[in-house]
Amino acid sequence: MGKPTGFKEIERHDNTYAPVSERIKHYREFVIPLPEAELRQQGARCMDCGIPYCHSGCPVNNLIPDWNDLVHEGNWRGALDALHATNNFPEFTGRICPAPCEASCTLNITDNPVTIKNIEAAIIDRGWQEGWIEPKISPRRSGKRVAVIGSGPAGLACAQQLARVGHGVTLFERNARLGGLLRYGIPDFKLEKHLIDRRLSQMRAEGVEFRSNVEVGTTVSVDDVMAEHDAVVLTGGSEQPRDMAIPGRELDGVHFAMHFLTQQNRRVAEEHIGQNRPILAGGKHVVVIGGGDTGSDCVGTSIRQGAASVTQLEIMPKPPESEDKSMTWPNWPLKLRTSSSHLEGAERDWSVSTGSFKGDGKRVTSLKLVRNKWEASAGGRMAMVEVEGSNFEIKADLVLLAMGFLHPRHDGAVEGYGVKLDERGNVLADTERYQTSRAGIFAAGDMRRGQSLVVWAIREGRQAAHAVDTYLMGSSSLPI
């Protein structure tokens, strides 16, 4: 702890953004990082707590006080080593993770946590800039082969860890390019794709074999993959979107959010969008149903496409501006969160249920909505009820359903391998062995736990790699 009184003397400063009028004209990242001198000051705010609650908030158990202090001292190389000790891809988490570590920071008791996420991103960006990040090639080969199915953050982390202990790893991806949701679901203005590509280059040098445009269970048989490998890891993510079974759902102009986002990411990459009709927001009144990160990404993308208006609806009540720290800290709190996309010109509304989609017989033209509230039922449980007489209607030319995901796709590898599912439809596996109901077949990430954060996917990919290495070799030197 280089400056014991730093948290008292130095105010929290965040990264800033390029002006709205500029950033909505392109799909590039628009964060303006803090200068080095100020980052070092922000690192000095870390209290090096006797019990570092930020560790409990971080799923990958980042050594946060360690690299905060190293940044304060100007030891960026040491900070990079500490960061990589627990996290394969800090450039992803430093950009798109909601930073539960900051919610757990002791200084968050006064709403002024350390700028952990900003410092993390600065460390890894400095590492790439200085050329410090190189392939870690195993000096020996195990003779074992592992197939990892799905190239999202869980699959990438798992594949990299296994390659670094000498296993032959083949990473299968059904899309033309690798990265899973990182590439096709996260807009470029939040995560530019060259960040993924340079990690893929590192992994290729470490011995990972990539096979894109290959869907296990469809274009290649599950039996062939199993026959050619000593273990299989399912990391396909949670891709089955939550739908709305209400009148008018069949109207043109009502789409799943991920179809909309994926198309735009393909356009930015100059990649063919497939046989589907283009989903574009230009000149349209856009309604996004769902208040989470995917909905926010739809807002920012719609604004960049030139939407006439963007409205985001949430079925739950509006959260409080700030949480009751005595009730929530150091856990992740329920409070109002406003993203950079919301600041670009969207309207938000809460406690709203969609009754039906209204159209002209072909296309959607409006939504019929109703206000709702929560009341205690006869049994004492809270239940959502409609507010009598609160029905209203809003114009809509494009509706994007961003209500989350139910479970992984079952067709293909999941059905092909015949693994058991849990009660939610996810692949059944525990968090110690990560092994499914079939010997030699493992599962990790959203495919196992359900939709979650990128940082959880990386953690599960790393832990699954440890489990697979133990299964193949009897023990493992990989970190858990």
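How far does the backbone nitrogen of lysine 420 lie from a polar atom of the side chain of serine 437? Keep that question in mind while we walk through this predicted model; we will come back to it after a look at a sheet and its helices.

Let's start with the sheet. Five strands make up an open sheet, and their order is S8-S16-S9-S10-S11, with parallel pairing. At the edges sit strand S8 (254-256) and strand S11 (347-350), each of which pairs on one side only. From one strand to the next, the twist averages 20°. You can zoom in on one pair of neighbours: S9 and S16 are joined in the parallel sense over 4 bridges. Look for valine 288 there, and you will find that its bridge partner in S16 is leucine 400.

Now add the helices. Helix H14 lies across S8 and S16, and it runs at about 75° to S8. Helix H15 also packs on the sheet, where it touches S9, S10 and S16. The direction of H15 makes about 175° with that of S10.

H15 deserves a slower look. It covers residues 293-304, and you can check its length yourself: at 1.5 Å a residue, its 12 residues should span 16 Å, and the end C-alpha atoms are 17 Å apart, which agrees. Is this helix mostly covered or mostly uncovered? It is mostly covered, since 10 of its 12 residues are buried. Among the buried ones are Cys298, Val299 and Ile303, and also Asp297 and Arg304. What do these buried residues pack against? Their partners are helix H2 (20-23), helix H14 (257-268) and the strands S9 (285-289), S10 (309-314) and S16 (398-401). After H15 comes glycine 306, whose phi is positive, near 90°.

Finally, let's return to serine 437. You will find serine 437 in the loop between helix H17 (413-417) and strand S18 (441-443). Its relative accessible area is 39%; because buried means under 20% and exposed means over 50%, serine 437 counts as partly exposed. Leaving aside residues up to four places away in sequence, serine 437 touches Gly418, Val419, Lys420 and Leu428. One of these, lysine 420, settles our opening question: its backbone nitrogen lies 2.8 Å from a polar atom of the serine 437 side chain. For another distance to try in the viewer, take methionine 244, which is 193 residues from serine 437 along the chain; the C-alpha atoms of the two are separated by 32 Å.

Methods
Residues are numbered from 1 along each chain as its sequence is written. This is a predicted model: local features need pLDDT of at least 70, side-chain atom pairs count only at pLDDT 80 or more; totals for chains, interfaces and linings use all residues. Side-chain values use heavy atoms; hydrogens and water are left out. Helices (H or I, at least four residues) and strands (E, at least two) are DSSP runs, numbered from the N terminus. The expected span of a helix is 1.5 Å times one less than its number of residues. Buried means under 20% relative accessible area, exposed over 50%, partly exposed in between (1.4 Å probe, protein chains only). Contact means heavy atoms within 4.5 Å. Two strands pair if DSSP finds at least two bridges between them. Axes are lines fitted to C-alpha atoms, for helices over the stretch in contact, and angles run from 0 to 180 degrees between N-to-C directions. A polar contact is a pair of N or O atoms within 3.5 Å; within protein, one must be able to donate a hydrogen and the other to accept it, and residues adjacent in sequence count only if both atoms are side-chain atoms.
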